[in-house]
Amino acid sequence: MPTIEATTGNDAIAEAMRQVNPDVVPVYPITPQTAIVEAFSSMVSNGLVDTHLINTESEHSAMSAAIGATAAGARVMTATASQGLAFMWEMLHIASSLRLPVVMCNVNRTLSAPINIHCDYSDSMGARDSGWIQLYSENAQEAYDNMIQAVRIAENTEVLLPVMVLMDGFIISHSIERVQFLDDSKVKEFVGSYNPSEFLLNSENPIAYGAFDSLHGYYFEFKRAQQQAMLNAYQVIEDVGNDFAAISDRSYSLFEEYKMEDADVALVAMGSAAGTMKETVDSFRSRGVKLGLLKIRVFRPFPVKELVRALSKVKTVGVFDRSHTFAGELGGQTYVELCSAFYNYQDRPLLKNYIYGLGGRDLNLDLLEKAVNGLMNESESSVNNCNVSYLGLRDKEAIT
Amino acid sequence: MNIKLKELPERNEIITAGHRMCAGCGAPIAANEILLSAPQDTRFVVSSSTGCMQVSTCLYPFVSWKASFIHSAFENGPATLSGIETAYNALRARGKVRDNFHFVNFAGDGGTYDIGLQALSGALERGHRMLMVCYNNEAYMNTGTQCSGATPYGSWSSTSPYGECSFGKERNRKDLTAIVAAHNIPYVAQASIHNYRDTVMKAQKAFAVNGPSFINIIAPCPRGWRFPGEKTVEMARLSFETCIWPLYEVVEGKWKLTAKPKVKKPIEDYIKLQGRFQHLFKPEFEDRLALIQSEVDEQWSKLLLRCGETE
């Protein structure tokens with residue numbers, strides 16, 4: 001029987017890791033992720049798993065060890081956040097390029113400076129082009145579910161890419177929520193065992209990983225193959241989501257649509273903000289406004305066609321970014337990518353961008369009320385040069 | 001335990017001919033001496049930090065290693081290999097791997113003394129059963145002879161060139177072997193390619209310990225040091241005979257000289273043969289030559305004291 005518990009996001013991730021019982025877990029602490037590796041270390045120390053733990057001396061070495069262990073034929077999971085993910089940056093690319101299915105939870109926290117331990121997506125957005133699949137989570141339940149599905153997605157032979165499960169720092173990682181855990185046996189059966197066809201410890205067939213590709217080599221072809229794996233991932237993520245629904249009654253796709261059927265105005269967001277936005281949608285709906293929410297779960301691969309299909313009939317879309325590209329007039333990452341997705345289509349909504357929540361700045365219902373009111377006016381007068389607004393900034397003039 | 005020189009070529013070589021290391025390079029000699037010393041039924045996972053040996057032995061789609069091989073990046077060979085060694089233990093415990101494996105990382109001095117020091121230190125502290133080899137050519141040779149933490153005092157390098165205001169590298173190299181020994185791991189040694197008997201003995205001990213081992217082996221570089229390629233072994237021998245590169249081991253905290261020159265030659269005999277030191281023979285740098293000799297003498301005396309030896 002599935003159990004329902006009150007738990008933090010971090011504990012939910014550690015519980016998923018316990019149930020997966022990976023071969024190797026390299027660990028390194030960083031706020032707000034530390035509680036994951038603490039909880040998991042305790043599971044190792046108490047024999048709840050037979051995983052071999054590696055207490056690395058840095059995140060760079062944690063990802064390096066994850067790469068080595070996965071190449072050796074082991075199933076490997078780890079966790080990090082913020083500066084730790086930034087420090088891993090070099091190795092993130094090597095993990096995906098060597099096609100190693102590492103699964104990692106990144107608890108979203110902003111990047112220094114100034115040093116700040118709270119949530120935004122600057123860390124994972126900094127890794128968006130590293131060749132990792134990225135699954136964002138609205139709450140602890142989704143983080144737990146994503147962590148389990150990530151194993152199957154990563155190890156699928158049509159994919160073989162590392163998967164990053166994202167969870168909002170503190171907002172999810174440290175808040176206690178209701179989480180329904182699956183039975184151990186269900187999870188075990190769902191993830192199966194990891195049996196790679198080629199691995200370093202295969203004495204019958206020694207192999208080389210990470211050879212030198214000189215000027216006349218095959219780098220370009222490798223990269224094209226990597227992109228193909230990302231293209232294949234769309235369907236695999238959908239399939240794994242369907243399989244997961246069969247054991248959990250919780251279904252997962254590339255994104256979630258909330259009251260989008262007839263929406264004139266839509267909000268697009270990721271992570272915990274989507275939970276707050278559902279309240280806002282309900283509130284406006286009760287006043288007769290056709291507002292909807294589209295919550296992106298899979299940011300990599302970016303669901304281009306599916307998002308266009310879901311949003312093409314909407315008049316105005318407010319895209320919420322918890323990070324910035326600092327690219328001058330371009331706005332946040334989700335906004336920029338959604339604009340790109342729509343460029344070649346005739347039916348496209350007016351797209352506006354809200355940068356919010358940097359460094360953990362709270363996003364509340366009042367701010368969302370203002371934003372939606374702004375979006376409703378945009379529907380009537382679409383001529384506006386300023387497409388990027390800042391929500392919740394101390395300077396009131398910034399909210400335009 | 002002793003392996004005769006004529007037996008070495010009869011053993012199964014792990015690094016094959018056909019690699020792209022320069023003619024006269026000391027590094028493949030080091031790799032051969034060490035790997036041929038392992039028990040004959042050994043299976044290897046070899047890891048290599050970015051550098052000469054790595055780029056020259058795995059030009060896609062070819063590979064010179066008769067073993068599983070991995071390169072991931074520059075600063076993390078020991079970290080990558082520690083993941084592999086841990087995976088080995090985990091998979092053996094779960095019955096998925098049955099054969100015995102040894103784990104060896106090859107890194108140059110850049111990948112060991114400098115950018116790789118943190119990953120090396122972490123791996124040593126964690127106690128993985130693996131041998132970490134520094135093939136030490138005393139500069140970043142793969143990128144064209146830039147100054148490293150192993151580059152000796154007074155040496156020219158492309159980033160410590162001599163000129164109007166400089167006599168070359170103005171600082172002493174760090175004593176990496178002693179730094180490694182301070183981790184209190186089971187086996188640490190300093191070796192040289194010219195003394196195969198000594199290197200083989202050290203590699204055998206390294207492979208026999210149940211924990212981390214480290215060999216810092218001098219591997220002269222004809223290109224970077226500026227000497228003819230046929231003089232590599234002679235250059236290594238002179239580094240030993242002048243005592244700028246002493247041969248010793250540290251076993252469970254006990255320091256021991258494994259070879260001692262019959263006559264300690266003046267450092268000039270060593271550096272006069274190398275282009276990287278030629279500028280020091282200009283009259284204006286005479287005092288620098290004397291400084292190098294006094295530094296060698298001081299370090300040698302300290303080592304003798306540590307090893308309980310006298311001059």
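Two strands count as paired if DSSP finds at least two bridges between them. With that cut-off in hand, let's work through some exercises on this predicted model.

**Exercise 1. Find how S6 and S7 of chain A are paired, and place them in their sheet.**

Step 1. Strand S6 covers residues 133-136 of chain A and strand S7 covers residues 163-168. Four bridges link S6 and S7, and the pairing is parallel. The cut-off for a pair is at least two bridges.

Step 2. To see one of these positions up close, look for Tyr136(A), whose bridge partner in S7(A) is Leu166(A).

Step 3. Now widen the view. S6 and S7 belong to an open sheet of five strands in chain A, with the order S4-S5-S7-S6-S13 and mixed pairing.

Step 4. The edges of this sheet are strand S4 (77-80) and strand S13 (298-300) of chain A. Each of these has a single partner strand, so one side of each is left without a neighbour in the sheet.

Step 5. Finally, check the twist: on average, and ignoring direction, neighbouring strands of this sheet are turned by 25 degrees against each other.

**Exercise 2. Describe the overall build of chain A.**

Step 1. Begin with the elements: chain A holds 12 helices and 16 strands.

Step 2. Next comes the radius of gyration, which is 21 Å for chain A. The globule rule gives 21 Å for 400 residues, so chain A is as compact as a globular protein of that length.

Step 3. For the extent, follow the C-alpha trace of chain A along its principal axes, where it spans about 70 × 55 × 45 Å.

Step 4. Of the 400 residues in chain A, 52% are buried.

Step 5. Consider contacts in chain A between residues at least 6 apart in sequence: 80% of them join residues at least 24 apart.

**Exercise 3. Divide chain A into domains and say what domain 1 brings to the contact with domain 2.**

Step 1. The domain assignment of chain A gives domain 1 as 3-248 and domain 2 as 255-398. Taken over C-alpha atoms, the centres of the two domains are separated by 28 Å.

Step 2. Domain 1 of chain A puts 27 residues into the contact, and domain 2 of chain A puts in 20 residues.

Step 3. On the side of domain 1, the elements giving two or more residues are helix H5 (122-125), S6, S7 and helix H8 (219-248) of chain A. H8(A) gives the most, with five residues. S6 and S7 are familiar from Exercise 1.

Step 4. Sorted by kind, the residues on the domain 1 side of chain A are 16 nonpolar, seven polar and four charged.

**Exercise 4. Decide whether strand S14 of chain A is mostly covered or mostly open, and name its neighbours.**

Step 1. S14 runs over residues 316-321 of chain A, and six of its six residues are buried, leaving the strand mostly covered.

Step 2. Check each face in turn. One side carries Thr316(A), Gly318(A) and Phe320(A), the other carries Val317(A), Val319(A) and Asp321(A), and all are buried. In a regular strand, side chains alternate between the two faces of the sheet.

Step 3. Strand S11 (residues 265-269) of chain A runs parallel to S14(A), joined by four bridges. Here Ala266(A) has Val317(A) as its bridge partner.

Step 4. Strand S15 (residues 350-356) of chain A also runs parallel to S14(A), joined by six bridges. Asp321(A) stands opposite Ile355(A) in S15(A).

**Exercise 5. Work out which parts of chain B touch chain A.**

Step 1. The contact involves 38 residues of chain B and 39 residues of chain A.

Step 2. On the chain B side, two or more residues come from each of strand S1 (43-48), helix H2 (52-57), strand S2 (68-70), helix H3 (77-93) and helix H5 (117-126). H3(B) gives the most, with 13 residues.

Step 3. The chain B side is made up of 22 nonpolar, 13 polar and three charged residues.

Step 4. Strands pair across the chains too: S9 (residues 208-209) of chain A and S2(B) run parallel, joined by two bridges. Ala208(A) stands opposite Phe69(B) in S2(B).

Technical notes
Residues are numbered from 1 along each chain as its sequence is written. Chains are lettered from A and ligands numbered from 1 in the order in which they are written. Axes are lines fitted to C-alpha atoms, for helices over the stretch in contact, and angles run from 0 to 180 degrees between N-to-C directions. The radius of gyration is taken over C-alpha atoms; the globule rule is 2.2 Å times the number of residues to the power 0.38. A residue is buried if 20 or more other C-beta atoms lie within 10 Å of its own, exposed if 12 or fewer, and partly exposed in between; C-beta atoms are placed from the backbone. Two residues are in contact if their C-beta atoms, placed from the backbone, lie within 7 Å. Domain bounds come from an automatic or database domain assignment. Ala, Val, Leu, Ile, Met, Phe, Trp, Tyr, Cys and Pro count as nonpolar, Asp, Glu, Lys and Arg as charged, and the others, Gly among them, as polar.
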